Amino acid sequence: MLRDLLEKTIVERCLHRGAVVDFYHDDIELPNGRRSARDYFRHPGAVCVIPFLDAKNVIILKQYRYAIKQAIWEFPAGKIDGHEDPLMCAKRELLEETGYSGKIRKIVSFWPSPALLDERMHVYLAWDLKKSGAMDTDEDEFIEVHTISFAKVLRDITTGRIRDAKTIIAALACAQYRLTPP
């Protein structure tokens with residue numbers, strides 16, 4: 001039974017508070033009564049948006065990611081601020097990173113790396129996009145905005161050109177459920 005697998009927190013310790021994540025080291029009791037430790041990151045959650053310009057074409061970004069020292073292809077995305085509603089965050093990130101706004105709906109949520117991180121990622125589909133203004137990226141974000149066909153996104157996943165997990169999950173969920181703009 002699931003309750004037989006639960007681990008009990010004995011002591012929770014935050015070792016580092018960061019700008020985006022906090023790092024914890026907890027002492028726990030295992031289901032068999034033994035003690036152990038767990039290291040993990042706490043994250044406020046994030047969103048990812050698949051912005052359809054029309055029935056076939058999407059906006060995709062090229063952005064440098066410091067941890068892997070590479071520029072990668074990804075859909076617009078960002079961290080939820082404080083107690084921000086994920087839908088509002090998705091609308092904000094879409095506008096900030098692309099300059100577009102439009103209709104939007106949630107299609108799936110997932111945990112990107114539940115062994116190390118409590119982040120929950122919410123994926124949205126956006127359509128009927130209108131250019132609403134200039135991009136308003138964070139001062140440390142440098143983003144190239146590109147338009148490609150959704151079919152090319154799927155091909156780029158299979159060839160390894162797109163390797164960003166949130167973008168892969170978002171695109172494959174969208175394709176699996178045959179989701180397209182109404």
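How many bridges pair strand E5 (residues 57-65) with E6, and in which sense do the two strands run? The pairing is antiparallel and extends over five bridges; two strands count as paired if DSSP finds at least two bridges between them. One of these links matches lysine 62 with tryptophan 73 in E6.

The structure is a predicted model, in which local features need pLDDT of at least 70 and side-chain atom pairs count only at pLDDT 80 or more, while totals for chains, interfaces and linings use all residues. Residues are numbered from 1 along each chain as its sequence is written, and side-chain values use heavy atoms, with hydrogens and water left out.

Stepping back to the whole chain, three helices and ten strands are found. Helices (H or I, at least four residues) and strands (E, at least two) are DSSP runs, numbered from the N terminus. Read from that end, the order is β-β-β-β-β-β-β-α-β-β-β-α-α. Of the 182 residues, 37% are buried, meaning under 20% relative accessible area with a 1.4 Å probe and protein chains only, against over 50% for exposed and partly exposed in between.

The strands at the start of the chain follow one another in hairpins. E1 (residues 8-17) and E2 are joined by eight bridges and run antiparallel, with four residues between them. Within this pair, glutamate 12 has aspartate 26 of E2 as its bridge partner. E2 also pairs with E3 (residues 35-42), again in the antiparallel sense and over eight bridges; here tyrosine 24 is matched with tyrosine 40. Five residues separate the strands of the E2 and E3 hairpin, where glycine 33 takes a positive phi near 95°. Strand E2 (residues 22-29) has two faces: Asp22, Tyr24, Asp26 and Ile28 are covered, whereas Phe23, His25, Asp27 and Glu29 are uncovered.

Returning to E5 and E6, these strands belong to an open, antiparallel sheet of three strands in the order E6-E5-E10. Strands E6 (70-74) and E10 (143-149) each have a single partner, so one side of each is left without a neighbour in the sheet.

The last helix offers a handy check. H3 (residues 165-176) has twelve residues, which at 1.5 Å a residue should span 16 Å, and its end C-alpha atoms are indeed 16 Å apart; the expected span is 1.5 Å times one less than the number of residues. Its buried residues are Lys166, Thr167, Ala170, Ala171, Ala173 and Cys174. They cover an arc of only 165° around the axis, which puts them on the same side of H3; the arc is that of the directions from the helix axis to the C-beta atoms.
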